[in-house]
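Biologist: Hey, have you got a minute to walk me through this one? I'd like to get a feel for the fold before class.
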Amino acid sequence: MKSNELRALAITSLAHFMNDGTFLVFPLLIVYYSTQAHVSIVFLGTLSIIYTLLSGLLSPVIGDFADKHNLDTPLLSLGILLEGIALMLFAFGFSFPSLIVLGTVILGIGQAFYHPIGGAILSRIFGKSSGRALGLNGAFGSIGRAVMPTIVTFMIVAIGELLGLVSLSLVFVVATFI
């Protein structure tokens with residue numbers, strides 16, 4: 001594997017891990033918000049629908065924009081940064097529940113970036129032999145979905161809702177720069 005291929009695979013796989021890892025964070029937080037902050041479960045369930053709809057509706061628009069403006073890397077980074085901001089808002093949502101709404105909207109927007117852009121990068125770099133790279137990359141997304149709820153739960157139990165989610169948010173900010 002050439003160095004540019006390895007670099008593209010590593011960076012998109014990290015982004016896929018981070019992106020898909022946040023997919024189940026809000027459903028996990030519903031338990032905490034409903035029991036700790038006493039936020040309505042119906043309201044929280046509605047918010048979970050909103051962030052997934054936003055992601056699905058905006059993904060083709062963002063992919064088209066990325067294709068037309070050749071901004072794959074900055075847009076991929078922006079998506080991860082938005083997810084980190086959403087985690088920060090979720091942290092402060094325990095004290096200020098209105099921030100949960102803003103967090104879910106930003107999470108939905110942030111999640112719209114990875115899939116159209118990550119696949120485009122790998123297809124462009126690997127060409128006709130992109131199947132293996134896409135499969136490996138997809139595995140990192142699956143690992144993110146499997147591992148991130150455990151990480152979030154551990155962070156919340158170990159250092160609390162606020163510090164746990166703020167710490168995780170900072171990890172996303174660092175990943176933005178990578």
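Biologist: So how many helices and strands does the protein chain have?
Modeller: Keep in mind that this is a predicted model. In it, the protein chain has 8 helices and 0 strands. Going along the sequence, the pattern reads α-α-α-α-α-α-α-α.

Biologist: And how compact is the protein chain?
Modeller: The radius of gyration is 16 Å, and the globule rule also gives 16 Å for 178 residues, so the chain is as compact as a globular protein of that length. If you lay the C-alpha trace along its principal axes, the span is about 50 × 30 × 25 Å.

Biologist: What share of the residues count as buried?
Modeller: That would be 45% of the 178 residues. The accessible surface of the chain comes to about 8,700 Å², and carbon and sulfur atoms hold 73% of that.

Biologist: What about contacts, how many join residues at least 24 apart?
Modeller: If you take contacts between residues at least 6 apart in sequence, 78% of them join residues at least 24 apart.

Biologist: Okay, switching to charges. How many positive and negative side chains are there?
Modeller: There are 7 positive and 7 negative ones, with the centres of the two sets 12 Å apart. Side chains of opposite charge can pair when their charged atoms come close. A search of the whole structure turns up 3 salt bridges.

Biologist: Cool, which side chain does Arg-145 meet in a salt bridge?
Modeller: The partner is Asp-20, at 2.5 Å from N to O. Arg-145 sits in helix H7 (residues 130-159) and Asp-20 in helix H1 (residues 3-23), so this pair ties together parts that are 125 residues apart in sequence.

Biologist: Is Asp-20 buried or exposed?
Modeller: Asp-20 counts as buried, because its relative accessibility is 6% and the cut-off for buried is under 20%. Arg-145 counts as partly exposed, at 31%.

Biologist: Next one: which residue does Asp-72 form a salt bridge with?
Modeller: With Arg-124, where the closest N and O atoms are 2.3 Å apart. This pair also links distant parts of the chain: Asp-72 belongs to helix H4 (residues 72-92) and Arg-124 to helix H6 (residues 114-126), 52 residues apart. Asp-72 is buried, with a relative accessible area of 6%.

Biologist: And where do Asp-64 and Lys-68 lie?
Modeller: Both are in helix H3 (residues 41-69), 4 residues apart, or about one turn of the helix. Their side chains meet in a salt bridge at 3.1 Å, N to O. Asp-64 is partly exposed at 38% relative accessibility, whereas Lys-68 is exposed at 63%.

Biologist: Let's go back to H1. What is Thr-22 in contact with, leaving aside neighbours within four places in sequence?
Modeller: Thr-22 touches Glu-83, Leu-107, Gln-111 and Phe-172. Thr-22 is in helix H1 and is buried, with a relative accessible area of 1%.

Biologist: Last topic, backbone angles. What is the phi of His-38?
Modeller: His-38 has a positive phi of about 55°, although it is not a glycine. Most residues other than glycine have a negative phi. You'll find His-38 in the loop between helix H2 (25-36) and H3, where it is exposed at 65% relative accessible area.

Biologist: And Asn-70, where does that one lie?
Modeller: Asn-70 is in the loop between H3 and H4. Asn-70 has a positive phi too, about 50°, and is not a glycine. With a relative accessible area of 64%, Asn-70 is exposed.

Terms used: Residues numbered from 1 in each chain as written. Predicted model: local features only at pLDDT ≥ 70, side-chain atom pairs only at ≥ 80, totals over all residues. Heavy atoms only, no water. Helix = DSSP H or I, 4+ residues; strand = E, 2+ residues; numbered from the N terminus. Rg over C-alpha atoms; globule rule 2.2 N^0.38 Å. Buried < 20%, exposed > 50% of the residue type's maximum accessible area, 1.4 Å probe, protein only. Contact = heavy atoms within 4.5 Å. Areas by Shrake-Rupley, 256 points an atom, 1.4 Å probe, with all protein chains shown as cover. Lys, Arg positive; Asp, Glu negative; His and termini not counted. Charge placed at Lys NZ, Arg CZ, Asp CG, Glu CD. Salt bridge = Lys/Arg side-chain N within 4 Å of Asp/Glu carboxyl O.
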